[in-house]
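Student: Could we go through this structure together?
Tutor: Certainly; please have it open.
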Amino acid sequence: MSFDPAQALRLARETLDIEAAAIHGLQRRLNDDFARAVSLVLNASGRVVVMGMGKSGHIGRKIAATLASTGTPAMFVHPAEASHGDLGMVMPIDVVLAISNSGEADELTTLLPLIRRMGAPLIGMTGHPQSTLARNADLVLDSGVEKEACPLNLAPTASTTAQMALGDALAMALLDARGFRAEDFARSHPGGALGRRLLTRVMDIMRSGDAVPKVAPNATFGELMREMTHKGLGASAVVDGDAHALGIFTDGDLRRLVETGRDLRALTAREVMHANPRQIRDDALAAEAAKLMEQHRVTVLLVQGQDGRLVGALNSNDLMRAKVI
């Protein structure tokens, strides 16, 4: 066995060229059947049931996952298992998306009469429009390619790339037609970073109740320091009798005040606070709080309820613990 680095690079570039050409070929051959397939799925009251054997099956699993995560209920059913009972997962209200490059996979073609008899609409994705799959399908998505990237023209390469791209195109057209938003995507990905950013509200992570440092405007400087130390936020709100935030005093303000040399014991909270502090609503996204902190270069935000009263506070450490930043 000999290895030629130049030959490896040549084949790699040729593979990418062939697969890119395969996708461009799909673009040119898209027709009304694609739009009808989108409409068929949109109007279905069931799920998209994706089927495929071998490499087409692996692609089918990915297409089903992409559909499900972008607003179209979908699942994958293995054709061989379907012949041994799993076909019971398919209902007449479902839409079946059957994938086969040749359109002649035995395990799949065996099921076609049963699917037709059941009454579930059938979309065939195949590279051979005259195949058994294509003849039995209600709609055909042409995934044909001129040649495989495999030097032997045997291993599914360009054909599976074409199937993947066509499945993605179907999912994106459906996503757009449904008005699917980033917030919807986050709901199906609650464990991911996007889910945390788009689902976590300020009220979910803020400090509330007695954990919020706050003093009256006439509080002494000593009382202000004790409140800040006890609550550990790095700041304290200054509030009026109706719990509206009049100002804020932070650790940074303390350092700057010490540098002035003033007699701190004689000062009140009103005299040292920053008036009109940065605030955010408790129903705002936590990601908005992070953006506000970054924009104004602050590390603490006061939180107000719908009535404008102080209901909480949070700092950058709270956002980091929630993995929002």
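Tutor: The following exchange covers an aromatic pair, a sheet and a loop residue. This is a predicted model, in which local features need pLDDT of at least 70 and side-chain atom pairs count only at pLDDT 80 or more, while totals for chains, interfaces and linings use all residues. Residues are numbered from 1 along each chain as its sequence is written, and side-chain values use heavy atoms, leaving out hydrogens and water.
Student: How many aromatic pairs does the structure hold?
Tutor: The structure holds 1 aromatic pair (ring centres of Phe, Tyr or Trp, the last by its six-membered ring, within 6.5 Å). The ring centres of Phe 221 and Phe 249 are 5.9 Å apart and the planes stand at 80 degrees, so the pair is edge-to-face (over 60 degrees; under 30 is stacked, the rest tilted).
Student: Are Phe 221 and Phe 249 buried or exposed?
Tutor: Both Phe 221 and Phe 249 are buried; that means under 20% relative accessible area, with exposed over 50% and partly exposed in between, for a 1.4 Å probe and protein chains only.
Student: Moving on, what is the strand order in the open sheet?
Tutor: The order is β6-β13-β12-β11, with mixed pairing. Strands are DSSP E runs of at least two residues, helices H or I runs of at least four, numbered from the N terminus; two strands pair if DSSP finds at least two bridges between them.
Student: How do β12 and β13 pair?
Tutor: β12 (residues 300-304) and β13 (residues 310-315) are antiparallel over 5 bridges, and Gln 304 stands opposite Leu 310 in β13.
Student: And where does Val 145 lie?
Tutor: Val 145 is in the loop between β5 (139-142) and α8 (158-178), and is partly exposed at 24% relative accessible area.
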